[in-house]
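Q: I have a model open in front of me, and I would like to learn how to read it step by step. Could we go through it together?

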Amino acid sequence: MPDIDNVQSGKAYGIGTPQCSDGFYLKGSAHLDWGMKSRLAQVFSPKSGNTVMLAFDHGYIMGPTSGLERMDLTIVPLIEYADCIMCTRGALRSIVPPTCGKPLSLRYSAGSSILTYLNDECIMDIDEAVRVNAALLAVMVAVGDQKHEALTIRNLTQTVDLGTKYSIPTMGVTAVGKELVRDARYLSLASRICAENGAHVIKTYYCEQDFEQVTNSVPVPIVIAGGKKLPEKEALEMAYSAINDGAAGVDMGRNIFQSDCPSAMIKSVREVVHNGMKPEQAFKMYEELKQG
Ligand code: 5RP
């Protein structure tokens, strides 16, 4: 027990040294609550400001797609190289070791599959996100989808409200859809709508033309999805160009887990995203790692 008679007056007031009041390194995040910033700092490296998220949530609409048939064999060995994992609660509980120590971007909206209407989704209980210690809530937003635009924007808004109660940030995921064109005009429209509705991070696609218009017109960090499997060199070029044009990282799935050598690929992507390695050099690194 502290003894009240022996309490000494403090002297180390640092008079003349103003208290350090740092800003926050992530775009548009300076005014967020401490808990939000803490979670974002788990996902985005405070050193580079960027992130390599490993996405393996595809099964929630696609079932056992190539590379994800046995996630215990293909995904678990890659987790150590990711800054953050993005998956469903089902994958999390069934194959991800709770000891992995990586922040979780939880697939928070679901409801349809590739066999019916994509984007006809609802969101889950926020208690579930708290239980699994989510660092980010990922919600699909289908701007321009006649049937589901309003529903998915409501899902986003509700998720932001729920996440804010517990300081869990929300990531708006701009939807895929046959009729949606992936050009800078559409991607900046969809991404900006997500940000204006409160998303703290946006996941969208890269486009070769004018991608910097997308990153510049959105006031929060953007990460790019990898999309369909490309030759490794092209995927590394895409990651490099996206970072160069202002993206804060990748949330990549198929271009990693469908690669000929997934561990070499994720390590090479890390060099591009965190250290600005040029794609030619990153591809060389990939080839060397692949040879073993
Ligand atoms: C699906 C998703 C995926 O996580 C996303 O598309 C990333 O994976 P890939 O790099 O394979 O495109 O959000 O809804």
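Q: Which residues have the most contacts inside the largest nonpolar core, and how many residues does that core have?

A: Keep in mind that this is a predicted model. The largest nonpolar core has 85 residues, and those with the most contacts inside it are Leu54, Leu137, Val141, Ala239 and Val269. The largest share of this core, seven residues, is supplied by helix H9, which covers residues 232–244.

Q: What does Ala239 touch, if residues up to four places away in sequence are not counted?

A: With those sequence neighbours set aside, Ala239 touches Val250, Val269, Val272 and Val273. We shall meet Val250 again in strand S10, where it is buried.

Q: How many helices and strands does the protein chain have, and why can it be called as compact as a globular protein of its length?

A: The protein chain has 12 helices and 10 strands. Its radius of gyration is 20 Å, close to the 19 Å that the globule rule gives for 292 residues, so the chain is as compact as a globular protein of that length. Along its principal axes, the C-alpha trace spans about 75 × 50 × 40 Å. Buried residues make up 44% of the 292 residues, and among contacts with a separation of 6 or more, 67% are between residues 24 or more positions apart.

Q: How should I read the two faces of a strand, and which residues lie on each side of S10?

A: The general idea is that in a regular strand the side chains alternate between the two faces of the sheet. In S10, Gly249 and Asp251 are on one side, while Val250 and Met252 are on the other, and all of them are buried, which leaves both faces covered.

Q: Which strands are joined to S10 by bridges, and do they run parallel or antiparallel to it?

A: Strand S1, residues 51–55, is joined to S10 by four bridges, and the two run parallel; one pairing to look for is Val52 with its bridge partner Val250. Strand S9, residues 222–225, is joined to S10 by two bridges and also runs parallel to it, and here Ala225 has Asp251 as its bridge partner.

Q: Which residues come nearest to the ligand?

A: There are 13 residues around the ligand, and of these Ala55, Ala225, Gly226, Gly253 and Arg254 come nearest. Strand S10 (249–252) and helix H10 (254–257) each supply at least two residues of this shell. Sorted by class, the shell has five nonpolar, five polar and three charged residues.

Q: How do I judge a single residue, for example whether Ser188 is buried or exposed?

A: The idea is to count C-beta neighbours inside 10 Å, and a residue with 20 or more is called buried. Ser188 has 21 such neighbours, and therefore counts as buried. Its place is in helix H7, residues 184–196, and, leaving aside neighbours within four places in sequence, Ser188 is in contact with Gln213, Val214, Ser217 and Val218.

Q: How far apart are Ala264 and Tyr81, in sequence and in space?

A: These two residues are 183 residues apart in sequence, and their C-alpha atoms are 10.0 Å apart in space. For Ser188 and Ile168, the sequence separation is 20 residues, and the C-alpha to C-alpha distance is 24 Å. Ala264 belongs to helix H11, residues 262–275, and touches Tyr286, Leu289 and Lys290 when residues up to four places away in sequence are not counted. With 20 C-beta neighbours inside 10 Å, Ala264 counts as buried.

Technical notes:
Residues numbered from 1 in each chain as written. Predicted model: local features only at pLDDT ≥ 70, side-chain atom pairs only at ≥ 80, totals over all residues. Near = placed C-beta within 6 Å. Nonpolar A, V, L, I, M, F, W, Y, C, P; charged D, E, K, R; others polar. Core = buried A, V, L, I, M, F, W, Y, C linked by C-beta atoms within 7 Å. Buried ≥ 20, exposed ≤ 12 C-beta atoms within 10 Å, placed from the backbone. Contact = placed C-beta atoms within 7 Å. Rg over C-alpha atoms; globule rule 2.2 N^0.38 Å. Pairing = 2+ DSSP bridges.
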